[in-house]
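Visitor: I have a few "how do you know" questions about this protein. Could you take me through the reasoning behind the labels?

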Amino acid sequence: MASEITRILLVVTLIGVALVAGIAVVQTPPESPADSGDSVPTVTEQSGTDDTSVCVVFFYHPSCPHCEDVEEYLDRVKPQYNVTVHQHNTGNDDSVRLLKQYYEAYDVPERDRGGVPIVFVADDYAVGSAGAIDLIQSAIESNEAVACPTVSQSTPAG
């Protein structure tokens with residue numbers, strides 16, 4: 001009974017976090033005229049200094065227990081493998097705007113938006129702790145360099 005109540009509270013908390021993040025995105029005005037829809041976010045990769053490094057972009061919220069699972073996993077693998085992590089707290093308006101840009105650049109469907117944890121690795125993403133850990137592990141096991149995906153605004157030609 002207590003574990004069911006805990007699960008219900010967790011679900012309610014996660015829904016609340018998603019709603020607050022969604023409201024923050026909706027209420028956030030564009031920073032500049034370039035953000036008015038005239039530009040399209042694109043993903044670019046920053047080359048690393050090591051040919052076998054893996055770069056992960058990780059969006060989390062401090063009250064999210066599933067995010068803690070991913071963070072603990074990353075803390076374990078960073079010393080063993082050359083893993084670079086760019087963490088973004090979705091409790092921060094700038095991080096929410098950045099996450100929205102990643103959603104667009106990666107064509108993340110609406111059903112996958114709003115939840116944390118979410119990670120972006122190379123040209124793929126995963127939502128939820130199990131999927132995120134699996135994606136990161138696959139990148140590590142590939143033994144290939146995985147550059148940092150970054151989102152930049154590019155204006156359309158024409």
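**Confidence, helix and core**

Guide: Happily! In the protein chain, confidence bottoms out in strand β1 (residues 40-46), with a mean of 43, and peaks in strand β4 (residues 118-121), at 97. This is a predicted model, and the chain averages a pLDDT of 77, with 63% of the residues scoring at least 70.

Visitor: What makes residues 23-50 a region to treat with care?

Guide: Their pLDDT stays under 50, although the model has 46 contacts beyond four places in sequence for them. Residues 154-158 also stay under 50, with seven such contacts. Where pLDDT is low, the predicted coordinates should not be read in detail.

Visitor: Why is Ser-53 called buried?

Guide: Buried means under 20% relative accessible area. Ser-53 has 11% relative accessibility, so it counts as buried. Its place is in the loop between β1 and β2, and, leaving aside residues up to four places away in sequence, Ser-53 touches Asn-82, Glu-144, Ala-145 and Val-146.

Visitor: How do you know that the span of helix α3 is close to the expected one?

Guide: Helix α3 covers residues 93-105, 13 in number. From first C-alpha to last it reaches 19 Å, and 1.5 Å a residue leads us to expect 18 Å, so the two values are close.

Visitor: Which residues of α3 are buried, and how do you know whether they share a side?

Guide: The buried ones are Ser-95, Val-96, Leu-99, Tyr-102 and Tyr-103. They cover an arc of only 115° around the axis, and therefore lie on the same side of α3.

Visitor: What makes Asn-92 a cap for α3?

Guide: One of its side-chain oxygens lies 2.6 Å from the backbone nitrogen of Asp-94, at the N-terminal end of α3. The cut-off for a polar contact is 3.5 Å, so this pair qualifies. Just after α3, Asp-107 takes a positive phi of about 50°.

Visitor: Which residues touch the most other members of the largest nonpolar core?

Guide: Val-56, Phe-58, Leu-74, Val-83, Val-119 and Ile-136 do, in a core of 22 residues. At least two residues of this core come from each of β2 (54-60), α2 (65-80), β3 (83-89), β4 and α4 (129-141). Not counting residues up to four places away in sequence, Val-119 has among its contacts Val-56, Phe-58, Leu-135 and Ile-136. A second, separate core of 11 residues includes Tyr-102, Tyr-103, Val-108 and Tyr-125.

Methods. Residues numbered from 1 in each chain as written. Predicted model: local features only at pLDDT ≥ 70, side-chain atom pairs only at ≥ 80, totals over all residues. Heavy atoms only, no water. pLDDT = per-residue confidence, 0-100. Helix = DSSP H or I, 4+ residues; strand = E, 2+ residues; numbered from the N terminus. Contact = heavy atoms within 4.5 Å. Buried < 20%, exposed > 50% of the residue type's maximum accessible area, 1.4 Å probe, protein only. Arc of directions from axis to C-beta. Polar contact = N/O pair within 3.5 Å; in protein donor to acceptor, adjacent residues only side chain to side chain. Core = buried A, V, L, I, M, F, W, Y, C linked by side-chain atoms within 4.5 Å.
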